[in-house]
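Subject: Structure handover

Hello,

Here is the structure we talked about. My notes on it follow below.

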Amino acid sequence: MDQAYVAERSVSPVTGVERWVVADARTYDLHAEACAFLAGLRSKGRSPNTERVYAGRLALYLNYCAGNRIEWSCPGFMALSGMQQWLITTPLPARSRRCPATAAPRYRSQGTANAVMTAVTDFLRFGALHGWVPAQTAGLLSEPKFLRYLPAGYDAGERGQWRQVQVSAFRFQVGEPGYEDLSPQQIRRMIADTPRARDRFLIALLAATGLRIGEALGLRQEDLHFLASSRSLGCPV
């Protein structure tokens, strides 16, 4: 598929502020709606890594629409369903030019496809709020589901009125493998075996706070409260 749009990292020559944008691959004109959505992520305090990932997924969606002559702002049900299937049936490009031609093709997993469709859904809902996307398109993005088995701690209401929830209409059923916690001894061993101070700090930070790695990598100076007040670094809290 031709790359009509690309996700690019931009740096302001005046302020030095970094941000991610989606631009035309030929003219480098910005895609106004996609860039507005990414700006919305920044205003919510999302990490730069999250912004980078979403920019790539939006560019992928726009490329799919351009390659299939679909208007990005009003895709039909079949167009969105077709993209969902396309994500897992289309081989990924080789990791590098050194890969042999006989190498087995790689495909996206259903979990990765779900993550891409989540970004597309968020983008279209954002567009509907701003009048770029028709309301009927936004209505295609979710469907009702009755919760037969309630999650632990979920309040279904006195008459069970909250058993019916809205779920994504374009999502594969993927089993969650769960998480395995490291013991304190294993964490201490990891820190002791890590030669770089930065990496030792990251391991200790993740273990002590429960942050995801993307959140930890997106931390800024004003997020670290080592002083009685961090106002001088830009944090008003």
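Helices here are DSSP runs of H or I with at least four residues, strands are runs of E with at least two, and both are numbered from the N terminus. On that basis the protein chain has 8 helices and 4 strands. Please keep in mind that this is a predicted model.

Overall layout

Going along the sequence, the elements come in the order β-β-α-α-α-α-α-β-β-α-α-α. The C-alpha trace spans about 55 × 55 × 50 Å along its principal axes. The protein chain has 237 residues, of which 27% count as buried. Its exposed surface is about 16100 Å², with 53% of that supplied by carbon and sulfur atoms. If you take contacts between residues at least 6 apart in sequence, 46% of them join residues at least 24 apart.

Helix H1 and the core

H1 covers residues 32-43. Its 12 residues should span 16 Å at 1.5 Å a residue, and the end C-alpha atoms are 16 Å apart, so the expected and computed values agree. Which residues of H1 are buried? They are Ala34, Cys35, Phe37, Leu38, Gly40 and Leu41. The buried residues of H1 pack against strand S2 (18-24), helix H2 (48-67) and helix H4 (110-129). Just after H1, Gly45 has a positive phi of about 80°.

In soluble globular proteins, nonpolar side chains tend to be buried together. In this model the largest nonpolar core contains 34 residues, and Tyr61 and Met83 have the most contacts inside it. At least two residues of this core come from each of S2, H1, H2, helix H3 (77-89) and H4. H2 gives the largest share, 9 residues. Setting aside neighbours within four places in sequence, Tyr61 is in contact with Trp72, Pro75, Leu80, Met83, Val120, Phe123 and Leu124.

Salt bridges

How many salt bridges does the structure hold? There are 6, including the three described here.

- Glu18 pairs with Arg9 in a salt bridge, with the closest N and O atoms 2.9 Å apart. Glu18 is partly exposed because its relative accessibility is 47%, and Arg9 is also partly exposed, at 46%.
- Arg26 forms a salt bridge with Asp24, and here the closest N and O atoms are 3.7 Å apart. Arg26 counts as exposed, at 63% relative accessibility, whereas Asp24 counts as buried, at 14%. The cut-offs behind these words are under 20% for buried and over 50% for exposed.
- Asp193 and Arg189 meet through their side chains in a salt bridge of 2.8 Å, N to O. Both residues lie in helix H6 (residues 184-193), 4 residues apart, which is about one turn of the helix. Asp193 is exposed, with 51% relative accessibility, and Arg189 is exposed too, with 56%.

Surface patch

Leu150, Tyr154 and Trp162 make a nonpolar surface patch of about 270 Å². Where does Tyr154 lie? Tyr154 is in the loop between strand S3 (142-146) and strand S4 (164-168). At 32% relative accessibility, Tyr154 counts as partly exposed.

Regards

Key
Residues numbered from 1 in each chain as written. Predicted model: local features only at pLDDT ≥ 70, side-chain atom pairs only at ≥ 80, totals over all residues. Heavy atoms only, no water. Expected span 1.5 Å × (residues − 1). Buried < 20%, exposed > 50% of the residue type's maximum accessible area, 1.4 Å probe, protein only. Contact = heavy atoms within 4.5 Å. Core = buried A, V, L, I, M, F, W, Y, C linked by side-chain atoms within 4.5 Å. Salt bridge = Lys/Arg side-chain N within 4 Å of Asp/Glu carboxyl O. Patch = residues over 30% accessible without salt bridge, like charges linked within 9 Å, V, L, I, M, F, W, Y side chains within 5 Å. Areas by Shrake-Rupley, 256 points an atom, 1.4 Å probe, with all protein chains shown as cover.
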